[in-house]
Amino acid sequence: MIIRHPTLHQLRIFTVLARHLNMTRAATELHQTPSALSIQIKQLSETAGEPLYEQIGKKLYLTAAGEAVARAGNDILRRLDALNQELNAQRNLESGTLNLSIISTAEYFAPRIIGSFCKEHAGIEVHLEIANRDSILERLKQNLDDIYIMGQVPDDIDGVARPFMDNPLVVLAPGDHPLAEQSRIAPEQLKDEAFILREEGSGTRLTAQNFFQEQGVQLKVRMTMSSNEAVKQLVAGGLGLSVLSRNTIAAEANAGNIAILDVVGFPILRQWHAVHRKNKRLTAVAQKFMDFLLEGHY
């Protein structure tokens, strides 16, 4: 494939389309009409000499050429952003963009940290994505962001993980559960309890299941939820026990709606990690935020 002279504008709009794979949503983000966007994508396809996407039913799929153009476009835009931030840093300007992705459980504390950082560096703009673990790992794979905040980091991750804060996992029960007043609860006492867990692939779920499996306890999973809020509401409603990060339950525990059970082996102490791609050169702004996390002055 020979790309003659694609414009930066064409590459920018195509990366948006490649991210959404939906002409209407991409046009909305770009403040254009779908027809105007379609014309520009067609012009880029003519420049590339090959179709960049195909439509099957109502869905769009990138062709091999489209995937190559999207990768190149993302790479060029990141390089330009990094160049801009380096130049700003050299001029000692407090400006630039920080692209962050955080796992959904981190939304209970990360905004506070980001807020503290922005108070010290008011000129910095933050782009924040909140997603589940699988989505965060996919974004890391595609190198879409500067820094990723997650709990359990896979052994085979293509990145560098820096621990910066404790992440204790605890066993939750309704506030009026019979075990709420007991101490030193053996894990096997929970073998007949119904559990409400996060979705398959969740780091919290993996840790909980591994712990109880090591104790010879097979958890009875009543429900699987993709939201911490849903899990907490169901536990408070008396539908079962759960395992979540203590960082997520302060309000409910203080109100007495949820109790933290004193189970032997808990809390399981994990760490929150700041992750970036291996061999990635962090922008001046991203490095400043990484240093802020590791110093812990928030």
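**Exercise 1. Met-290 and His-276**

In which helix does Met-290 lie? Determine also whether Met-290 is buried or exposed, and list its contacts beyond the local sequence.

Solution. The model under study is predicted.
- Step 1. Met-290 belongs to helix 10.
- Step 2. The relative accessibility of Met-290 is 2%. Buried means under 20% relative accessible area, so Met-290 counts as buried.
- Step 3. With neighbours within four places in sequence set aside, Met-290 contacts Ile-147, Arg-162, Ala-274, His-276 and Leu-282.
- Step 4. A further separation can be read from the backbone: the C-alpha atoms of Met-290 and Phe-164 are 9.4 Å apart, while the two residues stand 126 residues apart along the chain.
- Step 5. His-276, a partner of Met-290, is placed in strand 11 (residues 268-277). Its relative accessible area is 11%, so His-276 is buried as well.
- Step 6. Not counting residues up to four places away in sequence, His-276 touches Leu-140, Asp-146, Gly-159, Val-160, Leu-282 and Met-290. Leu-282 thus appears in the contacts of Met-290 and in those of His-276.

**Exercise 2. The ring pair Phe-117 and Phe-289**

Classify the geometry of the pair formed by Phe-117 and Phe-289, and state which helices the pair links.

Solution.
- Step 1. A pair of aromatic rings is described by the distance of the centres and the angle of the planes.
- Step 2. Ring centres must lie within 6.5 Å for a pair. By this rule the model holds 7 aromatic pairs.
- Step 3. For Phe-117 and Phe-289 the centres are 5.0 Å apart and the planes stand at 80°, so the pair is edge-to-face.
- Step 4. Phe-117 sits in helix 5 (residues 110-120) and Phe-289 in helix 10 (residues 284-295); with their positions 172 residues apart, the pair links distant parts of the chain.
- Step 5. Both Phe-117 and Phe-289 are buried.
- Step 6. An aromatic cluster is formed by Phe-195, Phe-211, Phe-212 and Phe-266.

**Exercise 3. Packing of helix 5 on helix 10**

Describe how helix 5 and helix 10 cross, and give the composition of their contact.

Solution.
- Step 1. Two packed helices are described by the angle between their axes and the distance between the axes.
- Step 2. The axes of helix 5 and helix 10 come within 11 Å and cross at roughly 120°.
- Step 3. Helix 5 and helix 10 are therefore oblique to each other.
- Step 4. Their crossing is right-handed.
- Step 5. From helix 5, Ile-113, Ile-114, Ser-116, Phe-117 and Glu-120 take part; they meet Val-285, Lys-288, Phe-289, Phe-292 and Leu-293 of helix 10.
- Step 6. The residues of this contact comprise 7 nonpolar, 1 polar and 2 charged.

**Exercise 4. Packing of helix 1 on helix 3**

Carry out the corresponding analysis for helix 1 and helix 3.

Solution.
- Step 1. Helix 1 (residues 8-20) packs on helix 3 (residues 34-48) at an angle of about 115°, and the axes are 10 Å apart.
- Step 2. That angle makes helix 1 roughly perpendicular to helix 3.
- Step 3. The crossing of helix 1 and helix 3 is left-handed.
- Step 4. Helix 1 contributes His-9, Gln-10, Ile-13, Phe-14 and Leu-17, and helix 3 contributes Leu-37, Gln-40, Ile-41, Gln-43 and Leu-44.
- Step 5. The contact of helix 1 with helix 3 divides into 6 nonpolar, 4 polar and no charged residues.

**Exercise 5. Backbone features in loops**

Where do His-31, Asn-143 and Pro-267 lie, and what backbone feature belongs to each?

Solution.
- Step 1. His-31 is in the loop between helix 2 (23-30) and helix 3. Its phi is near 60°, a positive value in a residue other than glycine.
- Step 2. Asn-143 is in the loop between helix 6 (133-142) and strand 5 (147-150), and its phi is likewise near 60°.
- Step 3. The accessibilities give opposite classes: His-31 is exposed at a relative accessible area of 75%, whereas Asn-143 is buried at 16%.
- Step 4. Pro-267 lies in the loop between strand 10 (258-261) and strand 11. A cis peptide bond, with omega of about 0°, joins Phe-266 to Pro-267.

Definitions and conventions
Residues are numbered from 1 along each chain as its sequence is written. This is a predicted model: local features need pLDDT of at least 70, side-chain atom pairs count only at pLDDT 80 or more; totals for chains, interfaces and linings use all residues. Side-chain values use heavy atoms; hydrogens and water are left out. Rings of Phe, Tyr and Trp (its six-membered ring) pair if their centres lie within 6.5 Å; planes under 30 degrees apart count as stacked, over 60 as edge-to-face and the rest as tilted. Helices (H or I, at least four residues) and strands (E, at least two) are DSSP runs, numbered from the N terminus. Buried means under 20% relative accessible area, exposed over 50%, partly exposed in between (1.4 Å probe, protein chains only). Axes are lines fitted to C-alpha atoms, for helices over the stretch in contact, and angles run from 0 to 180 degrees between N-to-C directions. Angles under 35 degrees count as roughly parallel, over 145 as roughly antiparallel, 65 to 115 as roughly perpendicular and the rest as oblique. A crossing is left-handed if the near helix is turned anticlockwise from the far one by less than a right angle, and right-handed if clockwise. Contact means heavy atoms within 4.5 Å. Ala, Val, Leu, Ile, Met, Phe, Trp, Tyr, Cys and Pro count as nonpolar, Asp, Glu, Lys and Arg as charged, and the others, Gly among them, as polar.
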